[in-house]
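Open your viewer, switch on the side chains and get ready to click along. We will go from stop to stop, and at each one you will hear what to select and what is there.

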Amino acid sequence: MSDLRIMSVFGTRPEAIKMAPLVQELSRREGVRSLCCVTAQHREMLDSVLDIFRLRPDFDLNIMEPRQTLSTITSKCLTGMDRVLEEAKPDIVLVHGDTSTTFAGALSAFYHRIPVGHVEAGLRTYDKYSPYPEEMNRRMVGAIAELHFCPTAANRENLERETISKGVFLTGNTVIDALQTTVVKDFTFADNTLNHLDYANRKVILVTCHRRENYGQPMEDIMSALAHIARTNPEVDIVYPVHLSPAVQECAHRHLDGIENVHLIPPLDVREMHNLMARCYIVMTDSGGLQEEAPALGKPVLVMRRETERPEAVAAGTVKLAGVEYERIVELAEELLGDPAAYAAMAHAVNPYGDGQACRRIADAILWHFGRGERPADFGG
């Protein structure tokens, strides 16, 4: 029996963080040829993750260009994937989540009549413009994919409502697997600002804010709220790795420059981010991935968005939806900073996103699909 050729396709840092442990798991399996194709939709941020996980892509489309648009990303991915799929001839293509790379990779595989496996399937807000363009990307991939690897039961229920029931597996989220590699006890940060923070005696708030739908007034209000929190809580340090987007940079510096206990630093690689998260007090973010990662480390999360496609954490109590209004963000942050019971209720809630075995379940499910093993038990089952 010939080796099963499984190609993982990804292009951004968040995708790489969640796919790297799966690529590694597949490479350890007998009878599997694990192939890796990166689009480099985000070049530098992607490369740092590849280095940390010691991954060398078999194919690199290197599509990133200045001022790239959603259309250029998608079209360059599609044309680049034509050559890759014709050369590699994989038995299945794996894509992750909801980026433009995800959609283009799945669509290209479909054009080549190659089955698609969707890692982190079934997330929904049912608002096609929020998050944009991610919500429509993942819905379209859901229509293409033959195998759907859902992190949670709620994700599986979303697919069932869309009449997708075949090839659906409840696996947990692969980011929990990734944390087992990245978080270490005696970690030294590249930025000495982070090494010199007093994590034991001061409350460090980790902030990320970069989403397109928050550009404009929502981001103005978020930055104003952060400035207020810093000025009225001198015992707090706010650490904000500022996204490279000029719009984000300008807004962050205009509101937060000159505040002594606010530290605006360059973006962090995945290992630095995970280790900072492990040491911080709370996380305030508009990111998707941090909503899954922080609860695994016992950190309460305030989500600075109007909705979340990860309602399981809200239901479990590890995440609260703060929205994008100044007053609500300040209110929820002050509650966590000043009310030990409210903090403990979030910090000690059970993480609904996984047990560190998602990659094993996904690999087992793929092998089962091709008649080479037993169907894995569901996460939590």
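The tour below visits cysteines, aromatic rings and charged side chains in this predicted model.

**Stop 1: the cysteines**

Begin by selecting every cysteine. How many disulfides does the structure hold? The structure holds zero. Click on Cys37, which takes part in no disulfide: its nearest cysteine sulfur belongs to Cys36 and is 7.4 Å away. A disulfide needs two cysteine sulfur atoms within 2.5 Å, so that cut-off is not met here. Cys37 is also buried, at a relative accessible area of 0%.

Now move to Cys280. Why is there no bond for this one? The closest cysteine sulfur, in Cys209, is 16 Å from the sulfur of Cys280, which is too far for a bond. Cys280 counts as buried too, with 3% relative accessibility.

**Stop 2: the aromatic rings**

Next, colour the aromatic side chains. There are six aromatic pairs in the structure. Select Tyr129 and Tyr132 together: their ring centres are 6.1 Å apart and their planes meet at 40°, so this pair is tilted. Turn on a surface and look at each partner. Tyr129 is exposed, with a relative accessible area of 56%, while Tyr132 is partly exposed at 37%.

Then select Tyr281 and Tyr343. Their rings are stacked, at 4.1 Å centre to centre with 10° between the planes. Where do the two partners lie? Tyr281 is in the loop between helix 11 (270–279) and strand 11 (282–285), and Tyr343 is in helix 15 (residues 340–347). The pair therefore ties together parts that are 62 residues apart in sequence. Buried or exposed? Both Tyr281 and Tyr343 are buried.

For a group of rings, select Phe149, Phe169 and Trp368, which ring pairs link into a cluster. Stay on Trp368 and add Arg375 to your selection. The charged end of Arg375 sits over the Trp368 ring, 5.1 Å from the ring centre.

**Stop 3: the salt bridges**

Now show the charged side chains. The structure has a count of 27 salt bridges, and we will look at some of them.

Go to helix 2 (residues 43–52) and pick out Arg43 and Asp47, which are four residues apart, about one helical turn. Their side chains meet in a salt bridge with an N to O distance of 2.7 Å. Arg43 is buried at 19% relative accessible area, whereas Asp47 is partly exposed at 27%.

Helix 14 (residues 326–338) holds another example, Arg328 and Glu331, three residues apart and again separated by about one helical turn. This salt bridge spans 3.7 Å, N to O. Arg328 is partly exposed at 36%, and Glu331 is partly exposed at 48%.

Your next selection is Glu135 and Arg138 in helix 5 (residues 134–144), three residues apart, or about one turn of the helix. They form a salt bridge of 2.6 Å, N to O. Both Glu135 and Arg138 are buried.

**Last stop: a network**

Keep Glu135 and Arg138 on screen and widen the selection. Which residues are linked with them in a network of salt bridges? Add Lys18, Asp98, Glu120, Arg139, Glu292, Arg305, Glu309 and Arg310, and you have the network in view.

Notes
Residues numbered from 1 in each chain as written. Predicted model: local features only at pLDDT ≥ 70, side-chain atom pairs only at ≥ 80, totals over all residues. Heavy atoms only, no water. Buried < 20%, exposed > 50% of the residue type's maximum accessible area, 1.4 Å probe, protein only. Phe/Tyr/Trp six-rings, centres within 6.5 Å; stacked < 30°, edge-to-face > 60°. Helix = DSSP H or I, 4+ residues; strand = E, 2+ residues; numbered from the N terminus. Lys NZ or Arg CZ within 6 Å of the ring centre and 35° of its normal. Salt bridge = Lys/Arg side-chain N within 4 Å of Asp/Glu carboxyl O.
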